[in-house]
Amino acid sequence: MCGIVGATAERSVSGILLEGLRRLEYRGYDSAGMAVWDGELIHRLRREGKVQALADALDGQPLTGSAGIAHTRWATHGKPSEHNAHPHMSGTSVAVVHNGIIENFEELKSELMISGYNFSSQTDTEVIAHLLDQAIKSGADHLSAVKDTVASLDGAFALGVIHEDKPGELIAARQGSPLVIGVGIGENFIASDQLALLPVTDRFMFLEEGDIAHLTRDEITVWDINGEIVEREVTQYKHATSATEKGKFKHFMMKEIYEQPTVTLAAFQDRIQDALVNERAFGEQAAPIFDQVKQIQIIACGTSYHAGLIAKYWMEGLAGIPCHVEVASEYRYRPVVIQEGTLFISISQSGETADTLAALRDVKDQILASLTICNVPGSSLVRESDLCLMTNAGPEIGVASTKAFTTQLVCLLLTTLVIGRRFKITEALERQIVESMMLLPALIEESLQMDSDIELMSQAFAEKQHSLFLGRGTLYPIAMEGALKLKEISYIHAEAYPAGELKHGPLALVDKDMPVVTVAPRNDMLDKLKANLQEVSARGGELFVFAGCTQKVQSGEGVHVLGMPDMPEILEPIVYTIPLQLLSYHVAVLKGTDVDQPRNLAKSVTVE
Ligand code: F6R
C-alpha cells in the first residue's frame, strides 16, 4: 500500500526521501513522487512506475531543500499515472501525501468545485490539498487548517503536509493508517514504517489514532484526538539493519525463506521455561484472562488466515477448546454471535491490515479479551489488543509472506499449549510438544536442503496455466498456503482442496496440463490420501508428492516423490511449508516475475 516519507533537516532532504521510498518499495506501489521546499517554493517531481524512474528524473532535475515529503502510490481512486501520483498540490502553496481512503471525497470534491477549485487528478487525495488551501485562504493558520481539514474527512488515512509559507515545517496526521515519527538529532522525519528511516535514525515515536503532529528540525509537538498536547513515548528500533538488506541472496523472499531456522527458534526459545511455556510471554494480564477463556475466535487475512486454520486443528484437536476461524473481511460485515468467554485472536504480519483491525474494533466490547499474534512492534493491532505475542521474525520485506507465517504457527502452538493447559492438555503432553519444538530449526534446515531438487521440479510448472494443491488435516491449510504463494508470485492459477473433496468436483480438471502437488501427512489419513493420488494418476495428472521416508509413497510414471525428513506430527504443517515456498519462488524466477514485489499486491493492506 502507499508509502509516506517526510523530512525536515538542515541538510538537503531529497536523498533521505528517495532512500526512504526505496525502502518502502516492498509495500507495493505503481508510481512515486516527491515535493521539496527550497527555502522559497515547493518543487515537485512525480513518475509512473518504479522509484528508479523517479530517481532517474531527479538526476536530470534535482530537488534541493531542507523540508520535503515523498510517496509511493498504490492506486485506489484513479489509474496509475503521473497525474494521479502524489504529492498533490493546491496551486503552488501546499503539498500533501496520503495513505488510505477518503470515503466522502466525492461530496467534498463537488463542494470545492463549486468554490472554484479545479482538479488535475482522479484521486481522493487532491481534495485534501484544496481543503487546506481553502482553510488557509480563509484565515486559518497552517496547523489549524490541517486540524479542520482532518475533521472533515471520513475514512482511514495518514497524511504528510508541507506549506510554502512555513519554512522547514512538516505536519503529519494519523487516523486509521500507520504513521511513525523518526526522531533525529537536529532533524526529524515521518514515514509509513520504521524501515524507511533506518539510515537516518533508530528512535521512533508511534502516533496514536487521531494524533496530529507538527515537526520542525528541533521540535516535535503532538496533539491527541481531543486536541490536547500529549507526549508520545520514543522507542529504540531493535533489529539489526542487515535485516533490511538482501545479503548474498538475489531476492528478499529467498533470504527470508532461509532465515526460518533462526526466526522460528526466536519465536519460542525465550518463552520456554523448564520445558513448559511461560505464559508471562503473553503479557502480565495473560493468566487471569486465559483462566476465563471458553472459546476462541481467530480473525486474519490471506496467509495469516491460513495460520489460523491450522490453529483450529490444534485448539480443538489437542486442547479441546472450541475455535472458529474466519477471514476478517467477511466477519466484520456480517452479524456475529459472540459467546461468553470468547478470546479474540488476530493474526497479522503487519499489524495494520484494515479489515483485521476493523474486526477487532467492532467486537471489542463483546469479547472477553483480545490477543494479537503480530510481527511489527508498535503496530495498531499490538497497541489495541489486550495481549500480544510477537512473532519475532524481524522485518519481512518480500511481499509474499514466508517467515512471518512459520513464526505465526510457532506462536499459535505456544498459545494452544498455555490455554490448553486449562482444558485437555496435560503437563506431560505439553513437555512432549515443547521437546518436539526444539527439533524445529534443524528440521527446517534439513528441508531447505531440498532446494536444488525443487528448483528442478519447478520446470514442470513454469509453462503451465493451472495447478492443484491437495492436503488433509493440518496439511490442508498448508496446501492452501502453497497455492496462494504460487498464485501471488508466479501468477499461475493454483487451487487448493482437501484431498477428500477431489472426486466431488476438481477431479474433472485433472489432465496432463494440470500438475498436482500433494503434501502427505504421516497420520491415520495417509491410506485415504494414497487413494486420492491413484485417482489423479489414473487420469494422466502429473503428481508431485512431498512425503516422509516412512510414508511409503513410491515414485513412478507421472509420480514424483520428494522426500521430507521424518518429524513429529505436530511439526508437519510448519516444516512442510518450506518446500512449497521454495517451489513458488523457483517457478517465479523461471517465469521472470518480480518476486519481491508481485504485480497488484501490497505488503501492508491498510485499505479494505
Ligand atoms: C500472502 C500475504 C497476504 C497477507 C495478508 C494479511 O503472502 O502476505 O495474504 O498475509 O494480506 O496481511 P497481514 O498478515 O499483515 O495482516
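# Briefing on a three-domain protein chain with a ligand

Y237 is buried in this predicted model, where the relative accessible area of the residue comes to 13%. The protein chain that holds Y237 is divided into domain 1, which covers 3–237, domain 2, which covers 253–438, and domain 3, which covers 448–594. Between domain 1 and domain 3, the C-alpha centres are separated by 45 Å. The points below take up Y237, the ligand, S370 and the cysteines in turn.

**Surroundings of Y237**

- Y237 belongs to the loop that runs between β15 (234–236) and α6 (252–258), and 237 is also the number at which the bounds of domain 1 end.
- When its neighbours within four places in sequence are left aside, Y237 is in contact with Q194, L195, L198, D202, F204 and P395.
- P199 is 38 residues from Y237 in sequence, while the distance between the two in space, taken from C-alpha to C-alpha, is 12 Å.

**The ligand and the residues around it**

- There are 14 residues around the ligand, and those that come nearest are S304, S348, Q349, S350 and T353.
- Q349 has a polar backbone atom that is 2.7 Å from an oxygen atom of the ligand, and in S350 an N or O atom of the side chain is likewise 2.7 Å from an oxygen atom of the ligand.
- K485 places a polar side-chain atom 3.0 Å from an oxygen atom of the ligand.
- On its own the ligand has 410 Å² of accessible area, and the protein covers 90% of this area.

**S370 in its strand**

- S370 is part of strand β21, which is made up of residues 369–374, and with a relative accessibility of 1% S370 counts as buried.
- Apart from its neighbours within four places in sequence, S370 has contacts with L343, F344, L360, E384, S385, D386 and L387.

**Cysteines and disulfides**

- The count of disulfides in the model comes to zero, a disulfide being a pair of cysteine sulfur atoms within 2.5 Å.
- C301 has no bond to C374, which holds the closest cysteine sulfur, because the distance of 13 Å between the two sulfurs is too far for one.
- C411 is likewise in no disulfide, and the nearest cysteine sulfur, which belongs to C388, is 9.8 Å away.
- As for accessibility, C301 is partly exposed, with a relative accessible area of 25%, whereas C411, at 0% relative accessibility, counts as buried.

Key. Residues numbered from 1 in each chain as written. Predicted model: local features only at pLDDT ≥ 70, side-chain atom pairs only at ≥ 80, totals over all residues. Heavy atoms only, no water. Domains from an automatic or database assignment. Helix = DSSP H or I, 4+ residues; strand = E, 2+ residues; numbered from the N terminus. Buried < 20%, exposed > 50% of the residue type's maximum accessible area, 1.4 Å probe, protein only. Contact = heavy atoms within 4.5 Å. Near = heavy atom within 4 Å. Polar contact = N/O pair within 3.5 Å; in protein donor to acceptor, adjacent residues only side chain to side chain. Areas by Shrake-Rupley, 256 points an atom, 1.4 Å probe, with all protein chains shown as cover.
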